[in-house]
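Thanks for coming. I will keep this short and work from the picture, so please have the sequence and the structure open.

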Amino acid sequence: MSEMWINMGPQHPMTHGLWNLRVKVDGELIVDVDPEIGYLHRGIEKICEYRRYNEVVTLMDRTCYVAGIAWEQLYIMAAEEALNISPPPRAEYVRVLSQELQRLSSHVMWYAAYVQDIGLMTPFLYGMRDRDLILDLFQSYTGARMTYEFMRVGGVRNDVPVGFTDRCRKVMDWFDQRLPEYEKVCDNSTIFLERTKGIGVLKAADCVNDGVTGPMLRAAGVDRDLRRDRPYSVYPELDFDVAVYDAPDCYGRYRVRMEEMKQSVRIVRQVLDWLDRNPGPVLAEKVPRFVGTPSPPPGKEIYVERRGYPKGRGFSAMEEPHGEAMAYIINEGAEHPYRAKLRSPVFVNIAASKDYLVGYRVSDIPAIMGSVDICVGESDR
Amino acid sequence: MTDLTLAALLPALESRFGPDVKVLPSRKEVLGVVQVKVDRLVEVARFLHDQGTFTHCALVSGVDWIEHIEVLYHLWSDALKGYLEITVETAPEDPHVPSVTSIWRGANWHERETWDMLGVRFDGHPDLRRVLMPEGYRFHPLRKSFELHEPEELEVKARHV
């Protein structure tokens with residue numbers, strides 16, 4: 001049969017966002033793949049050069065719409081390196097709490113969408129309902145459900161409210177019950193197992209060479225988690241295991257995410273205990289005025305203007321729910337970053353799609369691309 | 001494959017590549033910062049990949065310094081548990097840098113993005129197309145000569161056209 005190119009996207013139920021997967025098919029068989037992204041490109045890196053350090057936080061929420069607070073911390077860590085400011089310990093714990101709640105909500109969101117892609121409807125409703133509990137927690141201490149604008153250079157905006165830790169513990173207890181149920185639904189479903197096992201294989205060596213990170217990498221058996229291997233924030237003081245699985249297919253990725261959710265619950269509990277015992281400030285003192293305070297909008301001279309603040313570069317890498325994200329900030333002494341570079345794990349995971357799609361059937365595409373956990377806002381920036 | 005410790009790695013680079021490699025002052029969040037001459041980049045990358053255990057190319061990015069363009073590589077080593085920063089300088093007019101996609105396939109889209117955003121041509125890249133901006137777009141937006149206007153300013157301009 002003759003080969004032909006098919007556009008799956010930019011509007012297609014499989015994409016979960018706005019991007020286009022061009023596939024070359026021979027009958028049902030995929031012979032070539034050419035993903036096209038950029039539909040959601042907003043020029044965030046460029047806009048960062050025109051915003052004060054704390055104003056950039058607003059943009060970071062919009063970078064990834066399911067894991068906004070992870071990107072806030074990523075940026076803030078790089079900016080703090082570049083500006084040489086360090087936050088108080090309680091702020092670090094509130095940040096880690098936010099990270100793990102976000103990981104939980106992102107993975108639950110992934111679970112809901114993915115299982116629905118495969119053809120099971122009920123778990124979608126389970127997932128969306130339980131995710132709401134976490135969003136309620138976020139709302140109670142950041143004031144927002146998705147775009148938090150919570151972190152600041154030198155700390156976080158506010159402390160958690162009175163009674164928050166107990167409320168959060170209740171939600172964690174709820175998740176203790178729910179997570180085994182999630183697994184039971186999938187592991188007892190022949191449809192789910194048939195559609196995920198042995199599909200979308202990307203071996204460990206290919207993962208590493210392709211730059212693929214996150215649950216995809218760990219599902220292939222590579223034991224790497226930046227929270228443990230290149231510790232940031234207060235992760236060294238917390239007790240958790242890295243989820244690794246030795247099946248480099250869709251099923252393995254599902255397994256890794258399930259295990260990560262349990263570990264997140266474990267970390268959240270430890271952080272809550274710490275927060276109960278250790279009151280204190282959540283924002284560092286002596287954060288330079290022009291980093292924190294607004295002044296009239298600048299003209300185009302902003303990146304030429306030098307304010308005499310020590311120059312510096314900041315690099316941060318962290319384990320975001322989708323994989324390893326990085327930020328690189330260059331501070332040239334002005335109010336604004338001279339350059340802000342963001343590395344999105346999803347961008348690289350999509351780039352490698354040729355390696356795990358070719359050879360499978362068209363009907364496998366939703367199952368495979370779903371298991372990658374795509375957030376287009378993040379890959380396009 | 002000989003595993004190099006960090007203490008041995010940077011001197012090994014210097015002794016092997018001589019004046020084409022310069023170890024710059026490091027910062028605490030990376031293992032080291034190494035400046036490499038453009039024409040030796042692929043050799044250095046090959047050395048770091050094969051002998052230095054830097055199997056994962058995490059990030060390729062660029063900075064427009066107006067007088068020159070800096071291309072940055074962040075490489076991860078599972079053995080050393082850290083990132084090594086490689087920097088390369090190139091001319092602002094028609095910048096060319098050799099591609100490292102033959103060593104790390106993962107650098108592919110990062111290089112495409114750097115071409116898209118900064119106009120750096122990666123020689124030897126298999127498929128150097130724009131990735132985020134549309135084909136046929138005339139600008140490289142992260143160049144400092146590309147000015148971003150405040151929305152109100154654009155509005156005023158549109159009103160006076």
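I will go through a sheet in chain B, then a helix in chain A, and then the aromatic rings. Keep in mind that this is a predicted model.

Start with chain B. Five strands make an open sheet here, and from one side to the other the order is β1-β2-β5-β4-β3, with mixed pairing. The edges are β1, residues 21-24, and β3, residues 56-64, each of which pairs on one side only. From one strand to the next, the twist averages 25°.

Now look at β2(B), residues 32-36. With β1(B) this strand pairs in the antiparallel sense, over four bridges. Two of the partnerships are easy to find: V21(B) is bridged to V36(B), and V23(B) has V34(B) as its partner. Towards β5(B) the arrangement is parallel, and five bridges join β2(B) to that strand. On that side, Q35(B) stands opposite T87(B) of β5(B).

Is β2(B) enclosed or open? Five of its five residues are buried, so β2(B) is largely enclosed by the rest of the structure. Its side chains go two ways: G32(B), V34(B) and V36(B) point one way, V33(B) and Q35(B) the other, and all are buried.

Two helices of chain B belong in this picture. The helix α1(B), residues 6-17, lies across β1, β2 and β5 of chain B, and runs at about 150° to β1(B). The helix α2(B), residues 41-50, also packs on the sheet, where it touches β1, β2, β4 and β5 of chain B. The direction of α2(B) makes about 170° with that of β5(B).

Over to chain A, and a helix there that is also called α2, residues 56-63. How many of its eight residues are buried? Six are, so to speak of α2(A) as mostly covered is fair. The buried ones are V56(A), V57(A), L59(A), M60(A), D61(A) and T63(A). They pack against several elements of chain A, among them α3 (68-83), β8 (339-343) and α16 (376-380).

Next, the aromatic rings. Over all chains, the structure holds 21 aromatic pairs. One of them is F192(A) with Y254(A): the ring centres are 4.9 Å apart and the planes stand at 70°, so this pair is edge-to-face. F192(A) lies in helix α7(A) and Y254(A) in helix α11(A), so the pair ties together parts that are 62 residues apart in sequence. Both residues are buried. They also belong to one aromatic cluster, together with W110(A), Y114(A), Y245(A) and Y251(A).

Another pair brings us back to the sheet. F315(A) and Y83(B) are edge-to-face, at 5.2 Å centre to centre and 70° between the planes. Which parts does this pair join? F315(A) is in strand β6(A), residues 312-320, and Y83(B) is in β5(B), so the pair joins two chains. F315(A) has 1% relative accessibility and counts as buried. Y83(B) is buried too, with a relative accessible area of 0%.

Last, two arginines beside rings in chain A. R253(A) lies over the face of Y356(A), at 5.9 Å from the ring centre. For R381(A), the charged end sits over the ring of F347(A), 5.0 Å from its centre.

If you keep one thing from this, keep β5(B): this strand is joined to β2(B) by five bridges, and its Y83(B) pairs with F315(A). That is all I have.

Conventions: Residues are numbered from 1 along each chain as its sequence is written. Chains are lettered from A and ligands numbered from 1 in the order in which they are written. This is a predicted model: local features need pLDDT of at least 70, side-chain atom pairs count only at pLDDT 80 or more; totals for chains, interfaces and linings use all residues. Side-chain values use heavy atoms; hydrogens and water are left out. Two strands pair if DSSP finds at least two bridges between them. Axes are lines fitted to C-alpha atoms, for helices over the stretch in contact, and angles run from 0 to 180 degrees between N-to-C directions. Contact means heavy atoms within 4.5 Å. Buried means under 20% relative accessible area, exposed over 50%, partly exposed in between (1.4 Å probe, protein chains only). Rings of Phe, Tyr and Trp (its six-membered ring) pair if their centres lie within 6.5 Å; planes under 30 degrees apart count as stacked, over 60 as edge-to-face and the rest as tilted. A charge sits over a ring if NZ of Lys or CZ of Arg is within 6 Å of the ring centre and within 35 degrees of the ring normal.
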